[in-house]
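Hi,

Here is the structure I said I'd pass on. Have a look at it first, and then read my notes below.

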Amino acid sequence: MERKILLNPGPATTRDTVKNAQVVPDICPREKEFVKLMKQIREDLVKIVHGSPEEYTSVLFCGSGTICMDVCLNSLLPAEKKILVVNNGAYSARAAEICDYYQLPYINLKFPVDALPDLKEIENILADNPDIALVYATHNETGTGILNPIREIGALAHKYGAGFVVDTTSTYAMRPINIKEENIDFCMASAQKGLMAMTGISYVVGNRRMIEESRHFPKRSYYCNLYMQYEYFEKHGEMHFTPPVQTLYALKQALEEYFEEGEEEKWNRHRRVFEAIHRELKKLGFRDVIKREWQAGLVVAIKYPEDENWDFDKIHDYCYERGFTIYPGKIGNAKTFRLCALGAIDEEDIYEFFRILQKGLQEMKIKIPVFYHEVANEKK
Ligand SMILES: *Cc1c(COP(=O)(O)O)cnc(C)c1O
């Protein structure tokens, strides 16, 4: 199959072995053979974040990553309690929007999108609002690529008796995570990002006792209730409703390949790709948005050059026609685009991409190094 390189923030480039794993004889997912597959997948998903199987479990949902945000927020809030959303980017803003849609009581604690959240402020809010039962944060804000201090936020949540939900969709199975050490009660991801599998299946990895407790919480959704899905898995070993069968075969293959590559090796590869992106960007004079030491190592948000010939869509199309997909930014109205280190790619793919990008810039008469008006507008 023709190999396409996706430099967008997911779905990620997949291997042919994973694509082909979807082609299986027809099977009814209520068969024992399939139940066995689900069991292995659920265990592996907990293992990836080093959770003990007694303390943590995983629950699968049929949907894209956002379904897990929806599930955690609507299922884990006791009656008469509040959620605190630590909001410094587009993905935590989405969590706030979910709270709005369910009319959940919540505090939307906003911070600048290009900076780390202020822990003091988080603590003050927690101290002033003893009815906060759940704190929500995003690990890698995929819009900017900023890495949030989840361990510290989690410690604060626990100090004030709240549970801690982290959106790890763009770090899980890439940046090593130890669920307990990071003070995470619930994290989440989808198959098409860190695990380089197919879209359509997403999962919450979380504290078993807290899921059990949530059976008494108000039920706000039918299809997207965490306890309901968990209970069905525990009793029958299956999803409550029809799972995406072929997608799960691909996930099984992707998990095998994950453990084969190894947590550390895989993270080294992503970092290698990330470093190559930075090196090549610098050569062309591009500027990124977030302070380097705050970046999670997976997403680079880049400012549009101020060259009059710069046209992102044209550049995108030029690269796309040559097998490389790049992606617009997600930072309010700021003019940015993104290059990501997700997926089954390596350094050489980045070098090849930049050869094409450079050629495209030249053909479009965009000056190299690319041009910005502000002189040495050093990042804070
Ligand atoms: C990709 C992503 C999601 C989920 O997006 P979907 O389009 O629903 O898959 C959620 N949170 C973060 C941080 C992400 O990067």
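The expected span of a helix is 1.5 Å times one less than its number of residues. Keep that in mind for helix α9, in what is a predicted model. This helix covers residues 245-261, 17 in total, and runs 25 Å from first C-alpha to last, close to the expected 24 Å. Its buried residues are V245, T247, L248, Y249, A250, L251, A254, L255, E257 and Y258. Among the elements covering them are α1, α2, β2, β10 and α10. Right after α9 comes G262, with a positive phi of about 95°.

Next, a helix pair. The axes of α11 (residues 312-321) and α12 (residues 347-363) come within 10 Å and cross at roughly 135°, so the two helices are oblique to each other. Their crossing is right-handed. On the α11 side, I315, Y318 and C319 make the contact, and they meet F353, I356, L357, K359, G360, L361 and E363 of α12. Seven of these contact residues are nonpolar, one is polar and two are charged.

A few backbone details, too:

- G10 and P11 are joined by a cis peptide bond, omega about -5°; P11 sits in the loop between β1 and α1.
- I368 to P369 is also a cis peptide bond, with omega near -5°, and P369 lies in the segment after α12.
- H50, in the loop between α2 and β2, has a positive phi near 60°. It counts as partly exposed because its relative accessibility is 43%.
- E80, in the loop between α3 and β3, has a positive phi near 65°. At 74% relative accessibility, E80 counts as exposed.

Cheers

Definitions and conventions. Residues numbered from 1 in each chain as written. Predicted model: local features only at pLDDT ≥ 70, side-chain atom pairs only at ≥ 80, totals over all residues. Heavy atoms only, no water. Axes fitted to C-alpha atoms, helices over the stretch in contact; angles between N-to-C directions. Helix = DSSP H or I, 4+ residues; strand = E, 2+ residues; numbered from the N terminus. Parallel < 35°, antiparallel > 145°, perpendicular 65-115°, else oblique. Left-handed = near helix turned anticlockwise from the far one by under 90°. Contact = heavy atoms within 4.5 Å. Nonpolar A, V, L, I, M, F, W, Y, C, P; charged D, E, K, R; others polar. Buried < 20%, exposed > 50% of the residue type's maximum accessible area, 1.4 Å probe, protein only.
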